[in-house]
Amino acid sequence: MASANTYLTLSETEFDMVKHIIDIGVLEDLKLSECSIYKVPYNLRKVNEEAYTPQLISIGPIHYGKAQLKPMQEHKKRYFHFFFERVSNEQAMKDYKLYLESKEQEIRQCYAVKFRYINKEMLVDMMLLDAVFIMELLLRNSSWKSDTSKHEHDYVHTKSFRFKHSDYYILAQAWLSRNITRDLILLENQIPFFVLKKLYDIVPDDNKKQEHAFFVDLALEYFAFYDTQRSSSDETKLVLDKNQSRKHYFSGSLGGSSKKHCDKSMRKGRCKSPKHFTDLIRYFYLPTDLGKSGCSNNFLRTATKLQESGVSFEKDVKRRLLDLSFEKKPILSSFLCLGCLPYLNHFKARFRIPQLKVDHTTECVLRNLIALEQCHYPDQPYICNYVSLVDSLIHTQLDVELLVEREVIVHELGSDKEVATLVNGLCKHVVANSTCYYEIVNELNKHYQNIWNRTMAALWLVYFRDPWRASSTVVGIAVLVFTVFNFLRAVQFVFEQR
């Protein structure tokens with residue numbers, strides 16, 4: 001009480017002295033809802049810094065001016081010249097620069113980090129150069145792909161191929177093109193999507209393909225390499241449109257009226273846009289209908305443990321990456337051993353998983369998508385949920401071997417152990433309060449905890465694992481029954497003789 005009374009009796013002068021011990025200054029208003037481009041949090045970055053760092057080119061202000069990225073600045077200027085010739089409209093370019101100047105504050109608010117050392121003129125010039133480079137690169141890529149067969153023929157049979165196509169220097173060298181594409185999907189290496197959309201408006205119509213009515217169409221074609229399920233661009237735009245127009249995904253299929261609605265919205269120009277390229281890549285993997293989100297108190301068992309309870313892992317090449325399902329018939333699935341026979345899938349407990357293709361870019365892509373969700377989509381951490389589920393399935397090399405055998409995972413890494421190590425490291429320091437696979441996890445755990453399922457699975461694994469083993473088992477049982485029957489007949493005959 002004494003200290004409280006002392007505080008209350010402080011004079012006005014003394015209070016002013018205390019108040020100014022810490023000079024906080026004027027605080028800036030936080031507008032997190034307007035941010036979409038972030039620096040990767042330190043705890044995520046330190047796990048694998050290379051996965052978040054551009055190797056060849058800087059886009060935007062976060063990595064601007066780094067010495068190792070400066071060589072690409074010359075290519076940016078060269079592409080600016082090419083684009084200026086393509087447009088052939090000096091006034092249109094001046095108007096676009098004025099547009100960037102008018103949007104300076106909006107552009108700055110897209111970045112969670114404030115760059116006070118970059119003045120307005122520097123920012124506008126940076127955005128102009130980067131946007132024009134990206135636009136020219138995507139347009140050239142589209143032109144290059146449209147005549148792939150001719151280019152391949154020239155490349156093989158014509159020594160002067162590189163000279164003739166010197167303007168396509170980046171695209172002509174696979175290693176350079178692939179690494180630039182990789183840098184363009186990094187979370188820290190982005191510019192706002194609306195900056196590129198506006199620039200696409202000044203591209204002459206005769207330089208646009210008919211199927212590229214909007215810039216998002218051009219971007220989808222360029223980043224198609226990362227769409228491992230090779231889903232249609234209309235499907236991706238439908239997911240994008242539905243996800244941004246509502247808080248949660250709509251329930252329904254992609255056929256019929258849903259697709260018509262998407263096409264209609266495309267024609268009217270009301271298709272929603274992603275925040276940037278990292279956000280666009282995220283939409284490659286999201287399905288149109290996700291399960292009910294919830295917090296599961298139980299961890300999912302590993303792939304080998306689930307197999308021991310009779311769960312059948314099946315690849316699905318037609319679904320989007322995050323579109324998992326667990327299907328079982330209430331009564332028929334109690335006789336799991338019959339599921340090995342052809343056309344008797346109704347007896348199986350089927351865990352259907354879209355095929356995951358793992359190569360040397362997979363970790364980079366997933367880590368940046370995870371970082372985006374941790375910063376921007378804390379209430380919709382769908383990629384985090386997916387990676388966490390796969391991490392739960394894979395604890396050891398044996399789990400990977402099982403999933404590779406079932407073709408749920410295909411990889412280009414040195415060994416299955418490397419895949420296990422990669423997957424187990426993705427979720428380090430990742431926080432998700434809910435999972436969209438809540439119902440699937442609960443159903444799988446419930447199936448595993450059923451003793452009858454494990455008993456039938458043991459019978460299945462030993463005697464009915466494949467049609468050949470099953471047929472041998474059936475023949476063996478038939479022989480045993482026939483032998484017992486003959487034995488009983490013989491015994492009966494002996495007793496009748498007496």
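**Exercise 1. Work out which residues of helix H11 are buried and what covers them.**

Start with the terms. Helices (H or I, at least four residues) and strands (E, at least two) are DSSP runs, numbered from the N terminus. Buried means under 20% relative accessible area, exposed means over 50%, and partly exposed lies in between (1.4 Å probe, protein chains only). Contact means heavy atoms within 4.5 Å.

- Step 1: look along H11, residues 174-184; Leu176, Ser177, Ile180, Thr181, Arg182, Asp183 and Leu184 are buried there.
- Step 2: check the cover, which includes H4, H7, helix H10 (169-172), helix H13 (215-222), helix H16 (277-285) and helix H18 (362-376).

A word on the model: it is predicted, local features need pLDDT of at least 70, side-chain atom pairs count only at pLDDT 80 or more, and totals for chains, interfaces and linings use all residues. Residues are numbered from 1 along each chain as its sequence is written, and side-chain values use heavy atoms, with hydrogens and water left out.

**Exercise 2. Describe how H7 and H12 cross, and say which residues meet.**

- Step 1: find H7 at residues 120-146 and H12 at residues 193-200; their axes come within 10 Å and cross at roughly 60°. Axes here are lines fitted to C-alpha atoms, for helices over the stretch in contact, and angles run from 0 to 180 degrees between N-to-C directions.
- Step 2: get the hand. The crossing of H7 and H12 is right-handed: a crossing gets that name if the near helix is turned clockwise from the far one by less than a right angle, and it is left-handed if anticlockwise.
- Step 3: list the partners. Ala131, Val132, Ile134, Met135 and Leu139 of H7 meet Val195, Leu196, Leu199 and Tyr200 of H12.
- Step 4: sort them. This contact of H7 with H12 has 9 nonpolar residues, no polar and no charged ones. For the sorting, Ala, Val, Leu, Ile, Met, Phe, Trp, Tyr, Cys and Pro count as nonpolar, Asp, Glu, Lys and Arg as charged, and the others, Gly among them, as polar.

**Exercise 3. Compare the expected span of H19 with the distance between its ends, then look at its burial.**

- Step 1: the expected span is 1.5 Å times one less than the number of residues.
- Step 2: H19 (residues 382-393) has 12 residues, so it should span 16 Å; its end C-alpha atoms are 17 Å apart, which agrees.
- Step 3: 11 of the 12 residues of H19 are buried, among them Tyr382, Cys384, Asp391 and Leu393.

**Exercise 4. Lay out the sheet made by S1, S3 and S2.**

- Step 1: put the 3 strands in order, S1-S3-S2; the sheet is open and its pairing is mixed. Two strands pair if DSSP finds at least two bridges between them.
- Step 2: mark the edges, S1 (311-316) and S2 (325-327), each of which pairs on one side only. Neighbouring strands of this sheet are turned by 25° against each other on average, direction ignored.
- Step 3: take S1 and S3, which pair in the parallel sense over 6 bridges. Ser312 has Arg350 of S3 as its bridge partner, and Glu314 stands opposite Arg352 in S3.
- Step 4: take S2 and S3 (residues 349-354), which run antiparallel and are joined by 3 bridges. Ser325 stands opposite Arg352 in S3.
- Step 5: check burial. In S1, 5 of the 6 residues are buried, so S1 is largely enclosed by the rest of the structure. S3 is mostly covered too, with 5 of its 6 residues buried.

**Exercise 5. Place Ser88 and His429, and give phi and exposure for each.**

- Step 1: recall that most residues other than glycine have a negative phi.
- Step 2: Ser88 sits in the loop between H4 (71-87) and H5 (90-102). Ser88 has a positive phi of about 50° although it is not a glycine, and it is exposed, with a relative accessible area of 58%.
- Step 3: His429 sits in the loop between H21 (416-426) and H22 (438-449). Phi of His429 is positive as well, near 70°, while its relative accessible area of 34% makes it partly exposed.

**Exercise 6. Find what Leu413 touches.**

- Step 1: go to the loop between S5 (409-411) and H21, where Leu413 lies.
- Step 2: Leu413 is buried, with a relative accessible area of 11%.
- Step 3: leave out residues up to four places away in sequence; Leu413 then touches Val358, Asp359, His360, Glu418, Val419 and Leu422.
- Step 4: Leu413 and Val358 are 55 residues apart in sequence, yet 7.5 Å apart in space, C-alpha to C-alpha.
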